[in-house]
Protein chains: 2
Amino acid sequence: MPTAVPDTRTRILDLAEQLLLTRGFNAFSYQHIARELGVKPAAIHYHYPTKEDLGTAIIGRQRRRLGKWRGLPRLTELSPVAQLDALLEVYLTHLRQEQRVCLFGSLAADFRTLPEPMQRELRLFNRELTAWLAEVLTAGRTAGALVFRGEPVAKAAQVLTTLAGALQVARVHDEHQFYLIFDQLRSELLPE
Amino acid sequence: MPTAVPDTRTRILDLAEQLLLTRGFNAFSYQHIARELGVKPAAIHYHYPTKEDLGTAIIGRQRRRLGKWRGLPRLTELSPVAQLDALLEVYLTHLRQEQRVCLFGSLAADFRTLPEPMQRELRLFNRELTAWLAEVLTAGRTAGALVFRGEPVAKAAQVLTTLAGALQVARVHDEHQFYLIFDQLRSELLPE
DNA sequence: TGGCTTGCTTACTAACTAGTAAGTAAGTAT
DNA sequence: ATACTTACTTACTAGTTAGTAAGCAAGCCA
């Protein structure tokens, strides 16, 4: 149980990620982070010279986490349906934390104002996530445990898009709206 | 055919809307609008004193447009499937314009940083749109022209969420990704 | 002709933005 | 003991932000 206080570099990344997911990239500043951390803005620049560095680090860490998570025996040994549910659980966690939006949903709207390295990293993140889900869906359908029309890649893209959008809806309205969409999505995938 | 140049007030609103949909609310300024219009920033403040006024006006206009559109005999006389296609056409238009995101998808990520009147207006806009689509879906299913599980309200929320998200995906990746999701969505609604 | 309104410009404020440079105290390495 | 590194702070720049106030030219109205 690693309850130890993480080092400043990590705490900055944690805080920046939280701010990104709750306010959007263009609506948080080094001052926000510094204030929360009890430190001067220049200290943030020491660890992450530019906001581009900070933003890229946030997405990069999520990518690495996804890569690890995807390969975890605890996950890969599960049935396709259970793997899907593990993914859905991630979105439910987002909803329950006061963040209420996923990385993709947070950055997509501001995408054109983002520095290129962040754009590249986000594209990779989303591609990797979609590819993984497509595999799970393929296996699930083959096993007769999941039902859907068309290509697994298309369905995977649709599912992820809907989940990202559903978190945004929850932010604008309330949790109920999220569950409405969430249950609809899940009931369509599982055979009656 | 009203090709007449609109007055400054309207041109500001048009430009602000375009900037909102392409860059997000926190990433455009009065200077952007003024520069494009060949006028000083203070001139924008003359027409819309605060950015809150401007933002609220953008959403308000879209709400009024939706209200009118929804009541148009040209639309109400159509079959439910044709009405659904008319809605889908709106999203395709968004995609083809360099905007590539809808009002909801543009504002949801920054939602918590928006002034309250904008939040209220956006909630109303989305509620009205969802309610309308739910009616169309109900009629379509009754007529046997549309197929889906569960409550029409849930399905309507899911469809709109997916469309909003799909435009965001198109921005991050490319048009192809949008069509993938779009076709998936449409094929699931229409009976084979 | 005189006064009022409209639609701006010029000139400004106060706050905030990302980012830099120089200095410094504490810890580490030799 | 000395040199170097780490992790900051202080102090600053230059640019941008929303917003205000005062002035002004043109058009309309009595």
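**Figure 1. Where the protein comes up to DNA strand C in this predicted model.** Let's start at DNA strand C: α2 (30-37), α3 and α4 of chain A, along with α3 of chain B, each put at least two residues into the surface near that strand. How many residues surround DNA strand C? The count is 16. The closest of them are A:Ser29, A:Thr50, B:Thr8, B:Lys40 and B:Ala42. Sorted by class, the surface near DNA strand C has eight nonpolar, five polar and three charged residues.

**Figure 2. The surface near DNA strand D.** Now for DNA strand D, which is surrounded by 16 residues. The closest here are A:Thr8, A:Lys40, A:Ala42, A:Ala43 and B:Ser29. Which helices each supply at least two residues of the surface near DNA strand D? From chain A there's α3 (41-47), and from chain B there are α2 (30-37), α3 (41-47) and α4 (51-71). Split that surface by class and you get eight nonpolar, five polar and three charged residues.

**Figure 3. Two annotated stretches of chain A, as placed by UniProt.** An unreviewed UniProt entry gives residues 6-66 of chain A the feature "domain: HTH tetR-type". In the model, that span is 77% helix and 0% strand, and its end C-alpha atoms sit 21 Å apart. UniProt also has an annotation called "DNA-binding region" (unreviewed entry), covering residues 29-48 of chain A. How far apart are the end C-alpha atoms of residues 29-48 of chain A? They lie 13 Å apart, and the span is 75% helix and 0% strand.

**Figure 4. Helix α4 packs against helix α8 in chain A.** A quick tip for reading the next few views: two packed helices are described by the angle between their axes and the distance between the axes. Here the players are helix α4 (residues 51-71) and helix α8 (residues 116-142) of chain A, with axes that come within 9 Å and cross at roughly 15°. Because of that angle, α4(A) counts as roughly parallel to α8(A). Their crossing is left-handed. On the α4(A) side, the contact residues are A:Glu52, A:Gly55, A:Thr56, A:Ile59, A:Gly60, A:Gln62, A:Arg63, A:Leu66 and A:Arg70. Facing them in α8(A) are A:Pro117, A:Met118, A:Glu121, A:Leu122, A:Leu124, A:Phe125, A:Glu128, A:Leu129 and A:Trp132. By class, the contact of α4(A) with α8(A) comes to nine nonpolar, four polar and five charged residues.

**Figure 5. Helices α6 and α9 of chain B, side by side.** Helix α6 (residues 80-96) and helix α9 (residues 152-172) of chain B pack at an angle of about 20°, with their axes 10 Å apart. So are they parallel or antiparallel? With that angle, α6(B) is roughly parallel to α9(B). The crossing of this pair is right-handed. B:Tyr91, B:His94 and B:Leu95 from α6(B) make the contact with B:Leu163, B:Leu167 and B:Ala170 from α9(B). That's five nonpolar residues, one polar and no charged ones in the contact of α6(B) with α9(B).

**Figure 6. Helix α9 of chain B meets α10 as well.** The axes of α9(B) and α10(B) come within 7 Å and cross at roughly 165°. Why call them roughly antiparallel? Because angles over 145 degrees count that way, α9(B) is roughly antiparallel to α10(B). The crossing of α9(B) and α10(B) is right-handed. From α9(B), the contact uses B:Val159, B:Thr162, B:Ala166, B:Leu167, B:Val169 and B:Ala170. From α10(B) come B:Glu175, B:Gln177, B:Phe178, B:Ile181, B:Phe182 and B:Leu185. Between them, the residues of this contact divide into nine nonpolar, two polar and one charged.

**Figure 7. Where chain B touches chain A.** This contact takes 40 residues from chain B and 40 residues from chain A. On chain B, the helices that each supply at least two residues are α1 (8-23), α7 (103-107), α8 (116-142), α9 and α10 (175-189). Which helix gives the most to the side of chain B that touches chain A? That's α9(B), with 13 residues. The side of chain B that touches chain A has 15 nonpolar, 17 polar and eight charged residues.

Methods
Residues are numbered from 1 along each chain as its sequence is written. Chains are lettered from A and ligands numbered from 1 in the order in which they are written. This is a predicted model: local features need pLDDT of at least 70, side-chain atom pairs count only at pLDDT 80 or more; totals for chains, interfaces and linings use all residues. Axes are lines fitted to C-alpha atoms, for helices over the stretch in contact, and angles run from 0 to 180 degrees between N-to-C directions. Helices (H or I, at least four residues) and strands (E, at least two) are DSSP runs, numbered from the N terminus. Angles under 35 degrees count as roughly parallel, over 145 as roughly antiparallel, 65 to 115 as roughly perpendicular and the rest as oblique. A crossing is left-handed if the near helix is turned anticlockwise from the far one by less than a right angle, and right-handed if clockwise. Two residues are in contact if their C-beta atoms, placed from the backbone, lie within 7 Å. Ala, Val, Leu, Ile, Met, Phe, Trp, Tyr, Cys and Pro count as nonpolar, Asp, Glu, Lys and Arg as charged, and the others, Gly among them, as polar. A residue is near a molecule or strand if its C-beta atom, placed from the backbone, lies within 6 Å of it. UniProt positions are given in the numbering used here, feature names are shortened, and annotations may be inferred rather than shown by experiment.
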